[in-house]
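This report describes the fold and packing of one protein chain. Please keep the sequence and the structure in view while reading.

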Amino acid sequence: MFDIKEKRKRVEILRILYIPLSSHIISQPHSNNRQGYVAPEILTGTPYDESADMWSVGVILYILLGGYPPFIDDNQRKLFRKIRKGEYEFHEEYWGPVSEDAKNLISNLLCVKASRRLTAREALQSNWISKATDESLEKNDMGANLIEMR
């Protein structure tokens, strides 16, 4: 378990990463870019709770680590179909250097069935978050992903 200083440090890092990313995405000309964050249960009109937010966390994490959104399509109907079915993949070109623990966390956040999706507490206890050290994170070269994000 992290002490309070470590938790605050990680929150600050995410905040620093998220702000430039969100302004970059919002400035994109296609409105479908923002619609890719919506959880499947919202699209189907099913009652939803905070698990819908955890879906969005999975989308954001996917973008941060992969450099592009998990659900992309210029056609809104096709985009929503991909989201409802959970159709995404980890392309080796961008996801090769990303750990299996990170991919497992994303997969468990982008779970179509909300009752199977990780809660915030469970996500924080995932191997990728709970076992990460500064040294292990420094070993990862995410250069290609950052270029793709731009």
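The sections below go from the whole chain to its core, then to a helix pair and to single residues.

## Overall architecture

The structure is a predicted model, and its protein chain holds 11 helices and 0 strands. Read from the N terminus, the order of elements is accordingly α-α-α-α-α-α-α-α-α-α-α.

The protein chain has 150 residues, of which 35% count as buried. Its exposed surface comes to about 9800 Å², with carbon and sulfur atoms supplying 53% of that area. Among contacts in the protein chain with a separation of 6 or more, 64% are made by residues 24 or more positions apart.

## The largest nonpolar core

Thirty residues make up the largest nonpolar core, and F71 and W95 are the ones with the most contacts inside it. At least two residues of this core come from each of helix 4 (51-66), helix 5 (76-85), helix 6 (92-95) and helix 7 (100-109). Helix 4 gives the most, contributing 10 residues to this core.

The surroundings of F71 can be listed with residues up to four places away in sequence left aside: F71 then touches G36, W55, V59, L79, K82, I83, G86, E87, Y88 and L110. One of these neighbours, Y88, belongs to the loop between helix 5 and helix 6. On the same basis of sequence separation, Y88 touches Y62, P70, F71, I106, S107 and L110. The C-alpha atoms of Y88 and L110 are 9.2 Å apart, although 22 residues separate the two along the chain.

## How helix 4 meets helix 7

Helix 4 and helix 7 pack with their axes 8 Å apart and at an angle of about 145 degrees, and the crossing in which helix 4 passes helix 7 is left-handed. From helix 4, the residues M54, W55, V57, G58, L61, Y62 and L65 take part in the contact, and they meet A102, L105, I106 and L109 of helix 7. By class, this contact between helix 4 and helix 7 comprises 10 nonpolar residues and 1 polar residue, with no charged residues.

Which residues does G58 touch, not counting residues up to four places away in sequence? G58, which lies in helix 4, touches I106, L109 and L110. With a relative accessible area of 0%, G58 is buried, because buried means under 20%. G58 is also 59 residues from R117 along the chain, and the C-alpha atoms of these two residues are separated by 9.9 Å.

## Buried, partly exposed and exposed positions

S51 is another residue of helix 4. Its relative accessibility is 12%, and S51 therefore counts as buried. Leaving out residues up to four places away in sequence, S51 touches E41, A114 and R117.

W128 is placed in helix 9 (residues 127-130). At 23% relative accessibility, W128 counts as partly exposed, because that class lies between the 20% limit for buried residues and the 50% limit for exposed ones. With residues up to four places away in sequence again left out, W128 touches L61, L65, S99, D101, A102 and L105. Among these, L61 and L65 in helix 4, and A102 and L105 in helix 7, also take part in the contact of those two helices. From C-alpha to C-alpha, W128 and I106 are 10.0 Å apart in space, while their distance in sequence is 22 residues.

Is E92, found in helix 6, buried or exposed? E92 counts as exposed, since its relative accessibility is 59%. The C-alpha atoms of E92 and G66 are separated by 9.9 Å, with the two residues 26 apart along the chain.

Definitions and conventions: Residues are numbered from 1 along each chain as its sequence is written. This is a predicted model: local features need pLDDT of at least 70, side-chain atom pairs count only at pLDDT 80 or more; totals for chains, interfaces and linings use all residues. Side-chain values use heavy atoms; hydrogens and water are left out. A nonpolar core is a set of buried Ala, Val, Leu, Ile, Met, Phe, Trp, Tyr and Cys residues joined through side-chain atoms within 4.5 Å. Buried means under 20% relative accessible area, exposed over 50%, partly exposed in between (1.4 Å probe, protein chains only). Helices (H or I, at least four residues) and strands (E, at least two) are DSSP runs, numbered from the N terminus. Contact means heavy atoms within 4.5 Å. Accessible areas come from the Shrake-Rupley method with a 1.4 Å probe; for residues, only the protein chains shown count as cover. Axes are lines fitted to C-alpha atoms, for helices over the stretch in contact, and angles run from 0 to 180 degrees between N-to-C directions. A crossing is left-handed if the near helix is turned anticlockwise from the far one by less than a right angle, and right-handed if clockwise. Ala, Val, Leu, Ile, Met, Phe, Trp, Tyr, Cys and Pro count as nonpolar, Asp, Glu, Lys and Arg as charged, and the others, Gly among them, as polar.
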